[in-house]
Amino acid sequence: SAHTPHATTRRYNVRRTTSATHYTTLFTKKSTMGGHHYNPEAEPKKDQNLQAIKDARTPLAWRDTCSHILVDLNKCRRETWWNPNKCEHARHVYEECEYNAYLQRIEAKVQLDKLNAQE
């Protein structure tokens, strides 16, 4: 038989309204980026310790606003021989930081487009 996931495993909660045939999707959107919880660890930084990033031998292609997290993540990966069950929290924080940086770039583009449209 097919397994139906519980509502808690979805990205949003679904609840029945007063009518049994209508469903209402409830999003818990906050004023943070992406509408998800705020994690200060995953905040992209423009000012970073470039010497630490260089000493960690981070490739140039990976040096962005989340490199400060990547240094710790790669250190954890090397110490655990790239065990996929280890360093999960650090990987999640790094991926969340990359997503937040993406949202910042999108917002900057939207603001730039608004300025260009006014001119």
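Here is a short back-and-forth about disulfides, salt bridges and helices in the structure above.

Me: What kind of model is this, and what counts in it?
Reply: It's a predicted model, where local features need pLDDT of at least 70, side-chain atom pairs count only at pLDDT 80 or more, and totals for chains, interfaces and linings use all residues. Residues are numbered from 1 along each chain as its sequence is written, and side-chain values use heavy atoms, with hydrogens and water left out.

Me: How do you know that Cys66 and Cys97 form a disulfide?
Reply: Their sulfur atoms sit 2.1 Å apart, and a disulfide is a pair of cysteine sulfur atoms within 2.5 Å, so the pair qualifies. Cys66 lies in the loop between α1 and α2 (67–79), while Cys97 is in helix α3 (residues 88–118), 31 residues apart. Helices here are DSSP runs (H or I, at least four residues), as are strands (E, at least two), numbered from the N terminus.

Me: Why is the disulfide of Cys66 and Cys97 called left-handed?
Reply: Because the torsion about its S-S bond is about -90°.

Me: What makes Cys76 and Cys87 a disulfide too?
Reply: S to S, they are 1.9 Å apart, so they pass the 2.5 Å cut-off as well. Cys76 is in helix α2 and Cys87 in the loop between α2 and α3, 11 residues apart. The torsion is about -95°, so this disulfide is left-handed. The structure holds two disulfides, and their pattern is 1-4, 2-3, with bonded cysteines counted along the chain.

Me: Why is Cys87 called buried, and what is Cys76 called?
Reply: Buried means under 20% relative accessible area, exposed means over 50%, and partly exposed is in between (1.4 Å probe, protein chains only). Cys87 has 13%, so it counts as buried. Cys76 has 22%, so it is partly exposed. As for the other pair, both Cys66 and Cys97 are buried.

Me: What makes Glu95 and Arg91 a salt bridge?
Reply: A salt bridge needs a side-chain nitrogen of Lys or Arg within 4 Å of a carboxyl oxygen of Asp or Glu. Their N to O distance is 3.8 Å, so they make the cut. They are four residues apart in helix α3, so about one helical turn separates them. Glu95 is partly exposed at 46%, and Arg91 is partly exposed at 32%.

Me: How do you know that Asp113 and Lys109 meet in a salt bridge?
Reply: N to O, they come to 2.8 Å, which is within the 4 Å limit. These two are also four residues apart in helix α3, about one helical turn. Asp113 is partly exposed at 36%, and so is Lys109 at 47%. The structure holds two salt bridges.

Me: How do you know that the span of α2 agrees with what is expected?
Reply: The expected span is 1.5 Å times one less than the number of residues. For the 13 residues of α2 that should be 18 Å, and the end C-alpha atoms are 18 Å apart, so it agrees. Its buried residues include Ile69, Leu70 and Leu73, and α1 and α3 are among what covers the buried residues of α2.

Me: Why is Lys45 called partly exposed, and what does it touch?
Reply: Its relative accessible area is 43%, so partly exposed is the right label. Lys45 is in the loop between β2 (23–26) and α1 (50–55). Not counting residues up to four places away in sequence, Lys45 touches Thr65 and His68, where contact means heavy atoms within 4.5 Å. Lys45 and Thr65 are 20 residues apart in sequence but 5.0 Å apart in space, C-alpha to C-alpha.
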